[in-house]
Amino acid sequence: MANTIVIFGASGDLTSRKLIPALYRLFQKKRLPDGSQIVGVSRSDFESEQWRQSLRTSVEKFAGDCFDNETWNQFAENIFYHAGDIKEAGDFKALAKFLDSIEPEHNSGRLYYLSTMPQLYEEALKQLGAAGLNDDSDGFRRVIIEKPFGTDLKSAQALNASIHGVFREDQIYRIDHYLGKETVQNIFALRFANSIFEPIWNRNYVDHVQITVAEEVVVGRRAGYYDTAGILRDMFQNHLLQLMMITAMEPPARYDAALVRDEKVKVLHSIRHMTGGDFASDTVRGQYKGYLREEGVPKGSDTETFAVLKLFCDNWRWKDVPFYLRSGKGMSCRTTQIVIQFKNVPHILFGEKTREPLGNRLVMQVQPAEGIQLHFETKVPDSEMKTRTSTLDFSFSNTPGGKSLPDSYQRLLLDALTGDASLFARSDEVELAWGIIDPILAAWRSPAAPPLFQYETGFWGPPESSKWMYKQDREWFDVC
Ligand code: BG6
């Protein structure tokens, strides 16, 4: 049955670059319910036809080879624009009327997408409530909220309180686009659809876990926002902690939103909060050389563009197994990978004892070379008993349907339309995540903050990060 997707922030970058191309692809794949309508709302004074034209240009660009004229024309018939200001109560009343006028009698519901500046979220929610647009007596009403969800625990709590004043928790979809990535969902499959990994997925066999989200890009035009956020807010509170939760969680009894999120939240509860000397010993901070010259960065800014956190889960499965979370801008390449480094054999029979555990490593490549590799020791042919590391390599691109994986927003929009919140963050989840990050941010802004290391772009962050690992008898898995 038809439904309506209302996008606030219609003239923004996210709408044209991600949301509309994703909706177009869903329509093309016949996965969008028949007759679904898209209504864009923003202050700009467009006519619907003008908006359609500008969207067409971006879909042509972002949907690439998938663009075809006929499909676009059919899709565009159901796209509308309605000018309105989030601060104007009257504009919401007019929007309500407009929605009533275009929706068929049997409309299954409305999905509101807040893609505005985050400072406007609370106002938008208030106005939705005041105009009765949250009333779900004749169909579902759901709201998707883009990141960042607050800037610290206090603001996240305030935002949660505002949303809960208007929508029930089951109507709220807090987006973390990492959860929409096929390869992130594949971690669920790898862990919970196979029995071979589970027996060794714990402190008895795992030496440590490395979660790296490296980006080659620098902050560029986003410097104004970035300087107030820094890498902990921008990447760790959300994406890296999400990857850690999925790697460390217990199997849920069913793949359903409540149970999946219960298990993820248990991981957050178990993460040991840093105190005292931990902030200096268990973190590394960096800033790429040239950051201070980016337009919009204040003189002398000490905002981090690189960070490492060593976290522990105090629970039976993971006690004392370090989880190294690392992310940076201006790195050697773009790669997101999770490395499960298994312990070395208890007694080495072949070759010399080396610092690094040999092979024994599972690498989950989230992007861009989506796949999984298992590294293990094999005999060097025609040698006495020398071994070397070999790799079993699974690549999505070599499997049917795996050549071009769908963009995260396709999955997430479809899930929100069908009411599946498994891949969205719950209120307690975002608050607990801030509870882990806030003390680190505070320590890094205190007079006792650990040093901010400068690093050249094009490498793996500051050399101090490798030295720090080396001191723990470990090495980063730095492979592009
Ligand atoms: C966003 C951050 O959430 O994720 C950006 O704000 C970052 O700074 C981006 O570049 C990375 O996403 P992806 O999907 O390109 O890895």
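**Burial and salt bridges in a predicted model**

Me: Why does D207 count as buried?
Reply: In this predicted model, D207 has a relative accessibility of 19%. Buried means under 20%, so D207 counts as buried.

Me: What makes R474 and D207 a salt bridge?
Reply: The N to O distance between their side chains is 2.8 Å. The rule asks for a nitrogen of Lys or Arg within 4 Å of a carboxyl oxygen of Asp or Glu, so the pair qualifies. R474 lies in the segment after α13 (463-471) and D207 in strand β7 (residues 206-214), so the salt bridge ties together parts 267 residues apart in sequence. R474 also counts as buried, at 15% relative accessibility.

Me: How do you know that E250 forms a salt bridge with R317?
Reply: Their closest N and O atoms are 2.7 Å apart, and the limit is 4 Å. E250 is in the loop between α8 (223-248) and α9 (257-270), and R317 in the loop between β9 (306-311) and β10 (323-328), so parts that are 67 residues apart in sequence are tied together. E250 and R317 also belong to a network of salt bridges with R191 and E198.

Me: Why is E250 called partly exposed?
Reply: The relative accessible area of E250 is 32%. Partly exposed covers the range between under 20% and over 50%, so the term fits E250. R317, at 10%, counts as buried.

Me: Where do R411 and D415 lie?
Reply: Both are in helix α11 (residues 408-418), four residues apart, about one turn of the helix. Their side chains meet in a salt bridge of 2.8 Å, N to O. R411 is partly exposed at 28%, whereas D415 is buried at 4%.

Me: How many salt bridges does the rule give?
Reply: The count comes to 31.

Me: Is R174 buried or exposed, and how do you know?
Reply: R174 has a relative accessible area of 2%; the cut-off for buried is under 20%, so R174 is buried. R174 sits in strand β6 (residues 172-174). Beyond its neighbours within four places in sequence, its contacts include F149, H164, F424 and V430.

Me: What joins the side chains of R174 and N160?
Reply: A polar contact of 2.9 Å, where the limit is 3.5 Å.

Me: Why is L349 called exposed?
Reply: Its relative accessible area is 64%, and exposed means over 50%, so L349 meets the definition. L349 lies in the loop between β11 (335-342) and β12 (361-367). With F350 and M385, L349 forms a nonpolar surface patch of about 290 Å² accessible area together.

Conventions. Residues are numbered from 1 along each chain as its sequence is written. This is a predicted model: local features need pLDDT of at least 70, side-chain atom pairs count only at pLDDT 80 or more; totals for chains, interfaces and linings use all residues. Side-chain values use heavy atoms; hydrogens and water are left out. Patches are made of residues with over 30% relative accessible area and no salt bridge: like charges are joined within 9 Å, nonpolar side chains (Val, Leu, Ile, Met, Phe, Trp, Tyr) within 5 Å. Accessible areas come from the Shrake-Rupley method with a 1.4 Å probe; for residues, only the protein chains shown count as cover. Helices (H or I, at least four residues) and strands (E, at least two) are DSSP runs, numbered from the N terminus. Buried means under 20% relative accessible area, exposed over 50%, partly exposed in between (1.4 Å probe, protein chains only). A polar contact is a pair of N or O atoms within 3.5 Å; within protein, one must be able to donate a hydrogen and the other to accept it, and residues adjacent in sequence count only if both atoms are side-chain atoms. Contact means heavy atoms within 4.5 Å.
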